[in-house]
Amino acid sequence: MNRALLLSVSSLAALLAGCSVFGSSIDLSEPAVAGSAPSAASADVTAIQRTPFKIGESSHTVEKLAKAQACTSMQGAGLVTEPGPIEVYRMQCQNGQVFMARCELRQCTKM
C-alpha cells in the first residue's frame, strides 16, 4: 500500500513538472539548441580536416576484403594512419558507405 502511494506521488510530480511550462514565456514551437546564439555558433565552427589519399602496403588486400563485403570503389583503399606495423585504411564505396579496415603486420580485418 505504501509503495503504491509512493509511485502515484512520483507520477503526479512528473505530470506537474510538465505543466509548469504552461502559461510561461518559454516558446516550445522551436527546438532549443545548445549554443544557438548567432555569435556563439560562428565562433565554434571548425573546418573539416581532409587527409590526402595515400596508397599503403595493404591497399590491395583491403580492396579485396571490401569487395567481399559488396563495396566497390573507383579510387581504392587509402592509408589513413602513418605506415607501420599497424595501419588503418579507408575506402569510399560507390553506394555511399565507408569501408574501414585495420591491418596488423599485413593481416587485415574489417573495422
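Reader: On the other side of helix 3, away from its buried residues, which residues are exposed?

Author: Exposed means over 50% relative accessible area. In this predicted model, His60, Lys64, Lys67 and Ala68 of helix 3 are exposed.

Reader: Which residues of helix 3 are buried?

Author: Buried means under 20% relative accessible area. Within helix 3, which covers residues 59–68, these are Ser59, Val62 and Ala66. Seen down the helix axis, the buried residues fall within an arc of 65°, so they line one face of helix 3.

Reader: Why does Ser59 count as buried?

Author: The cut-off decides it. Ser59 has a relative accessibility of 4%, and therefore counts as buried. Ser59 lies in helix 3. Leaving aside residues up to four places away in sequence, Ser59 touches Ala77 and Tyr89.

Reader: What do the buried residues of helix 3 pack against?

Author: To read packing, look for contacts, that is, heavy atoms within 4.5 Å. The buried residues of helix 3 pack against three strands by name: strand 2 (86–92), strand 3 (98–104) and strand 4 (107–110).

Reader: What follows helix 3?

Author: Ala70 follows helix 3, and the phi of Ala70 is positive, near 65°.

Reader: How many helices and strands are there in the protein, and in what order do the elements run?

Author: Count the elements, then read them from the N terminus on. The protein has 3 helices and 4 strands, and the elements run α-α-α-β-β-β-β.

Reader: Which residues make up the largest nonpolar core?

Author: A nonpolar core is a set of buried residues of certain kinds, joined through side-chain atoms within 4.5 Å. The largest one here has 12 residues in all. Among them are Val62, Ala66, Ala77, Leu79, Tyr89, Met91, Phe99 and Cys108. Helix 3, strand 2 and strand 3 each supply at least two residues of this core. Strand 3 gives the most to this core, with 3 residues.

Reader: What does Cys108 touch?

Author: Not counting residues up to four places away in sequence, Cys108 touches Ser58, Thr61, Val62, Leu65, Arg102 and Cys103.

Reader: What share of the residues in the protein is buried?

Author: For the whole protein, take percentages. Buried residues make up 17% of the 111 residues. The accessible surface comes to about 9000 Å², and 60% of that surface belongs to carbon and sulfur atoms.

Reader: What share of the contacts with a separation of 6 or more comes from residues 24 or more positions apart?

Author: Residues 24 or more positions apart account for 33% of these contacts in the protein.

Conventions
Residues numbered from 1 in each chain as written. Predicted model: local features only at pLDDT ≥ 70, side-chain atom pairs only at ≥ 80, totals over all residues. Heavy atoms only, no water. Buried < 20%, exposed > 50% of the residue type's maximum accessible area, 1.4 Å probe, protein only. Arc of directions from axis to C-beta. Areas by Shrake-Rupley, 256 points an atom, 1.4 Å probe, with all protein chains shown as cover.
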